[in-house]
Amino acid sequence: MTYIRPIDTPTNPNWAYATEPLDLIPRTSDPTGAGQRMVDLCSLPTLTQGQYAGQAFGDTMLPWQRELIRYIWGHTDANGDRITRTLFCKIGKGAGKSTFAAMLALCHVMDLAMRGEGYRGLVLLLSPTISTADSVMGHVVEAIKFDPELAG
C-alpha cells in the first residue's frame with residue numbers, strides 16, 4: 001500500500017504505512033499564507049549553542065520541522081483562525097527538541113506582536129526536570145540576546 005499524506009486533516013487511516021517522519025505530518029493548503037509566514041519567521045533566529053551555533057535556524061531546519069510549523073499555523077478555518085490549537089509531539093532523544101520548542105515559543109510570541117494581537121502568548125512546556133525546561137528557555141533567552149532588534 002502506498003502512503004498518501006492527508007491534507008488539512010490530522011486523521012489518516014494509513015498512518016501505519018508511513019516510512020518517514022514527514023509522512024506523519026498532514027499537509028495543509030495554507031489558504032492565508034500564515035503557515036509559510038511562520039516558517040519564514042522561525043528561520044530567522046540565530047542558534048547560539050551546539051554544533052550549529054552562529055547559523056540561522058532556517059539553515060538547519062529539517063523538512064519535518066518546516067512542515068509541522070506550516071501545518072500548525074497554516075491549517076486555518078474560513079475566518080483564518082488556526083484550527084490546531086494544541087499539539088503533542090513525541091520526538092526521540094537527541095533530535096533537537098529543545099531548540100525546536102524554543103524557536104516555536106519565541107516565534108509564536110513574536111508573530112502575535114508583529115500582527116498587533118498582543119505582546120504575550122501562552123507557551124506551555126512540560127518537562128521532566130527543571131534543568132530540561134531551563135535548557136529550552138535558555139535557547140529563547142540566548143536567541144533574544146543575540147538579535148540586535150530583540151536584545152533591548
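How much area does the protein expose, and what share of it do carbon and sulfur atoms supply? I began with this question and found about 9700 Å² exposed, with 57% supplied by carbon and sulfur atoms. I note at the outset that the model is predicted.

**Entry 1: overall fold**

I looked up the secondary structure and recorded five helices and zero strands. Along the sequence the pattern reads α-α-α-α-α. The radius of gyration is 16 Å, close to the 15 Å that the globule rule gives for 152 residues, so the protein is as compact as a globular protein of that length. I then took the box along the principal axes, which the C-alpha atoms fill at roughly 50 × 35 × 30 Å.

**Entry 2: burial, contacts and charge**

I found that buried residues account for 34% of the 152 residues. Turning to contacts between residues at least 6 apart in sequence, I noted that 51% of them join residues at least 24 apart. For the charges, I compared the mean positions of the 13 positive and 15 negative ones and found them 6 Å apart.

**Entry 3: helix H4**

I examined H4, which covers residues 97-114 and has 18 residues. From its first C-alpha to its last it reaches 25 Å, close to the 26 Å expected at 1.5 Å a residue. Which elements do the buried residues of H4 pack against? I listed helix H1 (34-42), helix H2 (57-60), helix H3 (63-74) and helix H5 (130-146). The buried residues of H4 include Phe100, Met103, Leu104, Leu106, Met110 and Leu112. I also noted Thr99, Cys107, His108 and Asp111 among the buried residues of this helix. Just after H4, Gly116 takes a positive phi of about 75 degrees.

**Entry 4: Thr76**

I located Thr76 in the loop between H3 and H4. Is Thr76 buried or exposed? Its relative accessible area is 11%, and because buried means under 20%, I entered Thr76 as buried. Leaving aside residues up to four places away in sequence, I recorded that Thr76 touches Pro31, Thr32, Asp81, Arg82 and Ile83.

**Entry 5: Gly138**

I found Gly138 in helix H5, one of the helices against which the buried residues of H4 pack. The relative accessible area of Gly138 is 22%, and I therefore entered Gly138 as partly exposed, since that class lies between 20% and 50%. Finally, I checked Gly138 against Ser98, 40 residues apart along the chain, and noted a separation of 9.4 Å between their C-alpha atoms.

How values were computed. Residues are numbered from 1 along each chain as its sequence is written. This is a predicted model: local features need pLDDT of at least 70, side-chain atom pairs count only at pLDDT 80 or more; totals for chains, interfaces and linings use all residues. Side-chain values use heavy atoms; hydrogens and water are left out. Helices (H or I, at least four residues) and strands (E, at least two) are DSSP runs, numbered from the N terminus. The radius of gyration is taken over C-alpha atoms; the globule rule is 2.2 Å times the number of residues to the power 0.38. Buried means under 20% relative accessible area, exposed over 50%, partly exposed in between (1.4 Å probe, protein chains only). Contact means heavy atoms within 4.5 Å. Accessible areas come from the Shrake-Rupley method with a 1.4 Å probe; for residues, only the protein chains shown count as cover. Lys and Arg count as positive and Asp and Glu as negative; His and the chain ends are not counted. The place of a charge is taken as NZ of Lys, CZ of Arg, CG of Asp or CD of Glu. The expected span of a helix is 1.5 Å times one less than its number of residues.
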